[in-house]
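Let's take a walk through this model, beginning with an open space and ending at the salt bridges. Keep the structure open beside the text as you read.

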Amino acid sequence: MSTIHDAYPEYVKTRGLDELRASEYSYLDEQGHVYLDYTGAGLAAHAQYRAHQARSLGTTYGNPHSLSPTSQSSTDMVELVRTRVLSHLNASPEEYAFIFTANATGAMRLVGESYPFRRGSRLVLTSDNHNSVNGLRMYAKRAHARTTYIRTRAPELRIDTATVAAALPRRRSRRFGSPRRSLFAYPAQSNFTGVRHPLSWVSLAQERGYDVLLDAAAYLPTGMLDLSSVKPEFVAISWYKLFGLPTGVGCLVALSRLNRPWFSGGTISAASVGVPWHAMAVNEAAFEDGTLNFLSIPDVKVGLDWLSSIGIDVIASRVRCLTGWFLDCLQSLQHSNGISMATVYGPNDLDHRGGTVSFNLVDATGNLIDERLVAMEAAAARFSIRTGCFCNPGAGEDAFGIDARTLKPLKQARTKSMEEFVRLVKLPSAGAVRVSFGVASIVDDVDFFIAFLKQTYRDRVTTTVGLPLRDGC
């Protein structure tokens, strides 16, 4: 078989990342980890930890809601990070508000609770969406708005632009009165298949009268988003997905103003108890509840500076090569009887996809190997992968060919158990195996994992005896 250098000659241009792996991410080899879960979380470099320590020891920071010296230090740093993020996204501060949240999920909840859904409004979602986006349908339902899904098509689990256009009927123009605002939400990159859905859908939806929520969490670790040319009303981001540190800090970048249904500490300029009156803050603070994570927020700037020093294009090229190499190796695996050892969900090539690959292993009898068994045995061998439905049930349903008719028994059974769900729907497995690549990935990671799969599962017949109960997807 050829080498990665033969199959993907551009890999050699990313050799600088091998040096960073050996120095800045040396803890992986020191601890014996093969890390293949960058869609789950990015990894932080030693330089990021050093910067955090130096800043913490060199300056005293306090609660930013004050004019004290320590408070002002926090305020200045927070505003510096806002500016740095908007610069990274090429977003004008005159157009976009930058709102700190705990993560991308918090950003989506903020949109859901504050968006003006009402009877006659529409929420349009792709079936390929994280559950944090799927949850918006509960806000829409409460406001008597209609929710519609656009399904992906197997085997690549993509959606044609014509299908999207058909699912977005034009809304009434503002010239003829106040329209019922409607929202279209989708991921720039699938966290299940790695498919990159077209950013052109943003303007398509807007031309038809829809606001757009773009989930950029899986896209930004290896992609650039230019908000001066692509202008969704809302963008949700989790920073740990890009560079590991900090956790607990995300953001909502918002072009359209929202109306909050409540207020809290830090979100108002004044409030009264004697009469039910309050005045919301006039800027991003109106959406940032309580005290910001002011000790961790500066790490966002450090992380962005770190990625910029490496070059997103270099990281993207490395991830592209490793993804292609992994797909080539995975699809070449066979049992002695000629049965393929893996079924891939999503694209088998590199066309418009990121560095996430979901698949199931197949045993020597042609049956799917339960993902719980793969999770247990991979963990024992020190591989960090992810299994399940990855909080993206729609993509999983499309991958397994599950339609509404198949799912109908769930409503009658009112099941609350993942085990009962699998039994009722008669699934061969409750999910898939997911491998994903990032800044510190090297070809040895792929080769070691492929060797593990070959050694562990080739010509093997498996059962589910002794596997633990599932506690969710």
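A pocket, as the word is used here, is an open set of grid points with protein on both sides within 12 Å along at least five of seven lines, and its lining residues are those with an atom within 4 Å of a point. One thing to keep in mind throughout is that this is a predicted model.

With that in hand, have a look at the second largest pocket, which has a volume of about 410 Å³. It is lined by 27 residues, and the ones closest to its centre are Thr 39, His 130, Asn 191, Lys 241 and Phe 390. Which element gives the most to this lining? That would be α6, with three residues. Helix α6 spans 104-114, and along with α11 (240-243) and β14 (386-388) it is one of the elements that each supply at least two residues to the lining of the second largest pocket. As for chemistry, the lining of this pocket divides into 13 polar residues, nine nonpolar and five charged.

Now to the strands, starting with β5, residues 182-187. How many of its residues are buried? Six of six, so the strand is mostly covered, given that buried means under 20% relative accessible area. Its two faces are easy to pick out: Ser 182, Phe 184 and Tyr 186 point one way, while Leu 183, Ala 185 and Pro 187 point the other way, and all of these are buried.

Strand β5 has partners to look at too. Strand β3, residues 122-126, pairs with β5 in the parallel sense over three bridges, and Val 124 has Phe 184 of β5 as its bridge partner. Strand β6, residues 210-215, also runs parallel to β5, and six bridges join the two. Here Phe 184 turns up again, standing opposite Val 212 in β6. If you want a single residue from which to trace these pairings, Phe 184 will do nicely, with Val 124 as a bridge partner and Val 212 opposite in β6.

Strand β2, residues 97-101, is mostly covered as well, with five of its five residues buried. Ala 97, Ile 99 and Thr 101 point one way from β2, Phe 98 and Phe 100 the other way, and all are buried. Is its pairing with β8 parallel or antiparallel? The two run antiparallel, joined by five bridges. Thr 101 finds its bridge partner in Gly 250 of β8.

On to the salt bridges. A search of the whole structure turns up 24 of them, and a few are worth a visit. Begin with Arg 84 and Asp 305, whose side chains meet at 2.7 Å, N to O. This pair links distant parts of the chain, with Arg 84 in helix α5 (residues 69-88) and Asp 305 in helix α12 (residues 298-310), 221 residues apart. Arg 84 is buried at a relative accessible area of 16%, whereas Asp 305 counts as partly exposed at 30%.

Next comes Arg 151 with Asp 398, where the closest N and O atoms are 2.5 Å apart. Again the pair links distant parts of the chain: Arg 151 sits in the loop between β4 (146-150) and α9 (161-166), Asp 398 in helix α15 (residues 393-400), and their positions lie 247 residues apart in the numbering. This time the arginine, Arg 151, is partly exposed at 37% relative accessibility, and Asp 398 is buried at 10%.

A third salt bridge joins Arg 260 and Asp 289, with the closest N and O atoms 2.5 Å apart. Arg 260 lies in the loop between β8 (250-254) and β9 (268-272), and Asp 289 in the loop between β10 (277-280) and α12, so the pair ties together parts that are 29 residues apart in sequence. Arg 260 counts as buried at 13% relative accessibility, and Asp 289 as partly exposed at 30%. The pair also belongs to a wider set, since salt bridges that share partners join Arg 109, Glu 113, Arg 260 and Asp 289 into one network.

Last stop: Thr 462, in the segment after α19 (443-457). Thr 462 is buried, with a relative accessible area of 15%. Leaving aside residues up to four places away in sequence, Thr 462 touches Asp 363, Ile 369 and Leu 373.

Terms used
Residues are numbered from 1 along each chain as its sequence is written. This is a predicted model: local features need pLDDT of at least 70, side-chain atom pairs count only at pLDDT 80 or more; totals for chains, interfaces and linings use all residues. Side-chain values use heavy atoms; hydrogens and water are left out. A salt bridge is a side-chain nitrogen of Lys or Arg within 4 Å of a carboxyl oxygen of Asp or Glu. Helices (H or I, at least four residues) and strands (E, at least two) are DSSP runs, numbered from the N terminus. Buried means under 20% relative accessible area, exposed over 50%, partly exposed in between (1.4 Å probe, protein chains only). Two strands pair if DSSP finds at least two bridges between them. Contact means heavy atoms within 4.5 Å. On a 1 Å grid over the protein atoms alone, a cavity is a set of points where a 1.4 Å probe fits but cannot get out, and a pocket is an open set with protein on both sides within 12 Å along at least five of seven lines; lining residues have an atom within 4 Å of a point. Grid points are joined across faces, edges and corners, and a volume is the space filled by probe spheres set on the points. Ala, Val, Leu, Ile, Met, Phe, Trp, Tyr, Cys and Pro count as nonpolar, Asp, Glu, Lys and Arg as charged, and the others, Gly among them, as polar.
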